[in-house]
Amino acid sequence: MMGGGSVYWGRKEESREVKGIVVIFAWVSIHEKHLKNYVDLYSSLGWNSIVSRADFLNAYYPERAMSLAFVLLNELLEELKIRTCPLVFVAFSGSPKACMYKVFQIIQGTGEDQLNPESQLIRNCVCGQIYDSSPVDFASDLNAQFALHPSIRKMPGPSKLVSWIAKGIASGLDGLYLTGFESQRAEYWETLYSSVDLDAPYLMLCSENDDLASYPVISNFAQCLQDLGADIKIVKWNGSPHLEHYKHYPIQYRAAVASFLEKATSVYSHRIQKLGERNGMHDEISELICGLQKAAVNSNQSLRRVALGPSDHFFLPSSADYENNRESGSLQDEQRERPFSLPVPPSINAHSVLGQILFDACVPKNIEGWDIKFSGSVKGQPFASTRRHSPFLGIKCNRRSRL
């Protein structure tokens, strides 16, 4: 228990056979024993259920409704971090005003308070909404009907006394919340209409004999959602009163709910597949960009390398290195560099015709007695300065070279 109501699990099994979680939004207008029948119904269809039971005053104190919504969403978030699954919201009677519309504001980011960035996880899992004897229009003329708990209204006794008490409470509510109630009511309906952005189908269970959640209100609500592009199915009965559709028509009720849950599961699977493809495409693009960057770096390095033969290791210094080393003079003799391996292709053989054209000189086979000096540095270290009297594949310096 906490301020605003209570949140508890109606059924929570860890089995992989569980198809999803049904989030039941209840108000004081539905009895606890009556509520258990719906928990058992969804359990028989393979769904876990969590119940958010709101207090009576939540419909008139948005702060209490927001507090209860945070508790519910935090509990759902802890469960979805372990294993994601479909979520279906089920609202009874006045519960959308007592809690559910605040849940919509949080996960859609339209309210002043937000859960955290992880609330997107909950939004991605919501794949269906069921309204049973709901939504209810909290207008002034309905305050008298909701002012007393249903169990109190059904108590035996003088009907006039009960009527006076109800009217007295309703009058007090009108006087207390007259200034802000209409703005809350507008915010309430606007949020319910915005739930179409969740891209989840709707199931409306109603009756023409419902004196609290009247059929014209529900029909108008469904029509507005449909105009916004929502997928809606309405199941209407004639003889069942408020919150007693399942009691009077159990077979039809169960069939409608079972069919809708299968549809919601299909919507969830399609959405997860679509999100997976989007993330996979993002990963492929990132890998492609990374590969292009590596190729550009390798290409830039290879432009400064020249191989004299398939098995040689040679580095051609830059012009800046060459000028600096000319001024510094010759380096110490007999210093050797660590060989820097180069890929074989592409290479230029100095003995080939192309090599003779580029270097404008025929390379003699016997170069004994020649002094060959290369000056340069790799990472600040001298890499070559030799005087050898052994066979070596060299290059005769010629000032008239085209290079």
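What follows is a chat between a trainee and a mentor about one predicted model.

Trainee: How many helices and strands does the chain have?
Mentor: This is a predicted model, and in it the chain has twelve helices and eleven strands. Of the 403 residues in the chain, 39% are buried.

Trainee: And what is the pLDDT of the chain on average?
Mentor: The average pLDDT is 75, and 56% of the residues score at least 70. One stretch that needs care is residues 303-343, where pLDDT stays under 50 and the model has 46 contacts beyond four places in sequence. Residues 372-403 also have a pLDDT below 50, with 58 contacts in the model beyond near neighbours in sequence.

Trainee: Let's turn to the sheet, then. In what order do the strands come?
Mentor: The sheet is open and is formed by seven strands in the order 1-3-2-4-5-6-7, with mixed pairing. Strand 1 (5-11) and strand 7 (232-237) stand at the edges, and because each has a single partner strand, one side of each is left without a neighbour in the sheet. From one strand to the next, the twist averages 15 degrees.

Trainee: Which strands does helix 1 touch?
Mentor: Helix 1, residues 32-44, packs on the sheet and touches strand 1, strand 2 (20-26), strand 3 (47-54), strand 4 (87-92) and strand 5, while its direction makes about 155 degrees with that of strand 3.

Trainee: Strand 5 is on that list, so how many of its residues are buried?
Mentor: Seven of its seven residues are buried, which leaves strand 5 mostly covered. As for its pairing, strand 4 and strand 5 run parallel and are joined by six bridges, with Val90 having Ile130 in strand 5 as its bridge partner. Strand 5 (residues 126-132) also pairs with strand 6 (residues 202-207), in the parallel sense and over four bridges.

Trainee: Which residue in strand 6 is the bridge partner of Tyr131?
Mentor: The partner of Tyr131 is Met204 in strand 6, and Asp132 stands opposite Leu205 in strand 6.

Trainee: Changing topic to helix 2, what should its residues span?
Mentor: Helix 2 covers residues 62-82, and at 1.5 Å a residue its 21 residues should span 30 Å; the end C-alpha atoms are 31 Å apart, which agrees. The buried residues of helix 2 include Pro62, Ala65, Met66, Leu68 and Ala69, and further along Leu76, Leu77, Glu79 and Leu80.

Trainee: Where does Tyr61 lie?
Mentor: Tyr61 lies in the loop between strand 3 and helix 2. With a relative accessible area of 33%, Tyr61 falls between the 20% and 50% cut-offs, and so counts as partly exposed. Tyr61 and Ala98 are 37 residues apart in sequence, and their C-alpha atoms are 8.4 Å apart in space.

Trainee: What about Ser95, buried or exposed?
Mentor: Ser95, found in helix 3 (residues 95-108), has a relative accessible area of 1% and is therefore buried. Not counting residues up to four places away in sequence, Ser95 touches Phe25, Ala26, Trp27 and Met100.

Trainee: Back to the chain as a whole, what share of the contacts is between residues 24 or more positions apart?
Mentor: Among contacts in the chain with a separation of 6 or more, residues 24 or more positions apart account for 81%. The accessible surface of the chain comes to about 22,800 Å², and 54% of that surface belongs to carbon and sulfur atoms.

Key
Residues are numbered from 1 along each chain as its sequence is written. This is a predicted model: local features need pLDDT of at least 70, side-chain atom pairs count only at pLDDT 80 or more; totals for chains, interfaces and linings use all residues. Side-chain values use heavy atoms; hydrogens and water are left out. Two strands pair if DSSP finds at least two bridges between them. Helices (H or I, at least four residues) and strands (E, at least two) are DSSP runs, numbered from the N terminus. Axes are lines fitted to C-alpha atoms, for helices over the stretch in contact, and angles run from 0 to 180 degrees between N-to-C directions. Contact means heavy atoms within 4.5 Å. Buried means under 20% relative accessible area, exposed over 50%, partly exposed in between (1.4 Å probe, protein chains only). Accessible areas come from the Shrake-Rupley method with a 1.4 Å probe; for residues, only the protein chains shown count as cover. The expected span of a helix is 1.5 Å times one less than its number of residues. pLDDT is the predictor's confidence in each residue, from 0 to 100.
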